[in-house]
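Got the viewer open? Let's take a walk through this one, stop by stop, picking out what to select as we go.

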Amino acid sequence: MLRALETFAPLPLQEGYDNAGLQIGLTGEQDVTGALLCLDVTEAVVEEAINSGFNLIVSHHPLLFHGLKRIDEGGSSVERLVIKLIRNNIAVVSMHTNLDNVDGGVNHKIAEKLGLTDVCFLQPMSRGGHCGGSGIIGTLRGMATIKDAVNHIQKTFSTNHPSMSNIPQHLYTKNTAGGLRIAVCGGAGSFLLGDAKEQGADIFITGEMHYHEYFEALDSILIMVLGHYETEQFTSELLKEILAKGCPTLPTKLFGSTNPIVH
């Protein structure tokens, strides 16, 4: 199972600050009874794994992102979860920025959902003999107007209240049916805004952006900030597809929303 995940998204592709891979392990003698797939490891996720009889959780965001100096039942939520997971013999594997950066990963899944074509990386990279990249850019065709494109994006991500910059005037007269260039980075992707502009993107989609960064649009590109969870909501589906190919007999289940933000 771990081999299937890391073959698809090799750990060398993760960012230096990250902690992807095995978080809490099973002994070699234990069989995996099933995998619960989620964005975040929460109390509700662990309870669902226990109730389902699954002894593996595969998440996008790492449970152990920062080092723990102690593990105390009266401590942080992460400490309490670690204790509960170990007591219930549940393993945790996280596929984070390595899954973001791999060809066919998180951003490519978003591109698929949006119907983008001619997709390529915004920032290609090569690490540890593996090729990948940060963010993607592709073409969205068939939109009658720029507002149709905005509505299509909102519908795809099931969000009615994105944070947006002003729509640049030139996009009102552009032949949108012939294609709009869309740049995407799920999660916190504002660091790619400059690359999106340089590569002629009409719209830049990401999950988080600071207030002052919106000024970088300057009537040249439409910024759509849809929420961290919203832009990564298809990741569990991607994990299911990877495991279906690599471990076809392994039972899997998608967990629902772990979004802590209420709009």
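## Stop one: a helix across a sheet

Start by selecting helix H2, residues 43-52, which lies across E2, E3 and E11 and runs at about 155 degrees to E2. Keep in mind as you look around that this is a predicted model. Now add helix H10, residues 235-246: this helix packs on the sheet too, touching E2, E3 and E11, and its direction makes about 145 degrees with that of E2.

Next, colour the strands underneath. In what order do the five strands of this open sheet come? Reading across, the order is E1-E4-E3-E2-E11, and the pairing is mixed. Strand E1 (21-24) and strand E11 (252-254) are the edges, each pairing on one side only. Tilt the view to see the twist, which averages 25 degrees from one strand to the next.

Zoom in on E2 (residues 35-38) and E3 (residues 56-59). These two run parallel and are joined by four bridges. To find one pairing by eye, pick Cys38, whose bridge partner in E3 is Ser59.

## Stop two: Ala35

Stay in strand E2 and select Ala35. Is Ala35 buried or exposed? With a relative accessible area of 0%, Ala35 is buried. Show what surrounds Ala35: beyond residues up to four places away in sequence, Ala35 touches Phe54, Leu56, Val58, Leu243, Leu250, Pro251, Thr252 and Lys253. Try the distance tool on one of these contacts. Ala35 and Phe54 are 19 residues apart along the chain, yet their C-alpha atoms are separated by 5.9 Å.

## Stop three: charged pairs

Time to show the charged side chains. Side chains of opposite charge can pair when their charged atoms come close. How many salt bridges does a search of the whole structure find? The search turns up twelve.

Select Glu48 and Lys253 for one of them, with the closest N and O atoms 3.1 Å apart. Glu48 sits in helix H2 and Lys253 in strand E11, so this pair ties together parts that are 205 residues apart in sequence. Both ends are partly exposed: Glu48 has a relative accessible area of 25%, and Lys253 comes in at 30%.

Now move to helix H5, residues 106-114, which holds both Glu112 and Lys109, three residues apart, or about one turn of the helix. Their side chains meet in a salt bridge at 3.2 Å, N to O. Switch on a surface and look at the two ends: Glu112 is exposed, with a relative accessible area of 52%, whereas Lys109 counts as buried at 2%.

Add Lys113 and Glu237 to the selection, and you have another salt bridge, at 3.1 Å from N to O. Lys113 lies in helix H5 and Glu237 in helix H10, so the pair ties together parts that are 124 residues apart in sequence. Lys113 is partly exposed at 31% relative accessible area, and Glu237 is partly exposed at 27%. Put Glu241 on screen as well to complete the picture: Lys109, Glu112, Lys113, Glu237 and Glu241 are linked in a network of salt bridges.

## Stop four: strand E8

Select strand E8, residues 180-188. Seven of its nine residues are buried, so the strand is mostly covered. Strand E6 (residues 130-140) runs antiparallel to E8, and five bridges join the two. For a landmark here, Ile137 has Ala183 in E8 as its bridge partner.

Strand E9 (residues 203-208) runs parallel to E8, again with five bridges joining them. Here Ala188 stands opposite Glu208 in E9. Follow the chain from E8 through helix H8 (residues 193-198) to E9, and you trace a right-handed β-α-β crossover.

## Last stop: the cores

In soluble globular proteins, nonpolar side chains tend to be buried together. Which members of the largest nonpolar core touch the most other members? Out of 45 residues, they are Leu99, Ile203 and Ile205. Helix H6 (residues 146-157) supplies the largest share of this core, five residues.

Centre on Ile205 and show its contacts. Leaving aside neighbours within four places in sequence, these include Leu114, Ile153, Phe157, Ile182, Met224 and Leu226.

To finish, look for the second, separate core of 16 residues, which includes Phe54, Ile57, Leu85 and Val92. You've already met Phe54, among the residues that Ala35 touches.

Definitions and conventions. Residues are numbered from 1 along each chain as its sequence is written. This is a predicted model: local features need pLDDT of at least 70, side-chain atom pairs count only at pLDDT 80 or more; totals for chains, interfaces and linings use all residues. Side-chain values use heavy atoms; hydrogens and water are left out. Two strands pair if DSSP finds at least two bridges between them. Axes are lines fitted to C-alpha atoms, for helices over the stretch in contact, and angles run from 0 to 180 degrees between N-to-C directions. Contact means heavy atoms within 4.5 Å. Buried means under 20% relative accessible area, exposed over 50%, partly exposed in between (1.4 Å probe, protein chains only). A salt bridge is a side-chain nitrogen of Lys or Arg within 4 Å of a carboxyl oxygen of Asp or Glu. A crossover is right-handed if, with the strands pointing away from the viewer, the path from the first strand over the helix to the second runs clockwise. A nonpolar core is a set of buried Ala, Val, Leu, Ile, Met, Phe, Trp, Tyr and Cys residues joined through side-chain atoms within 4.5 Å.
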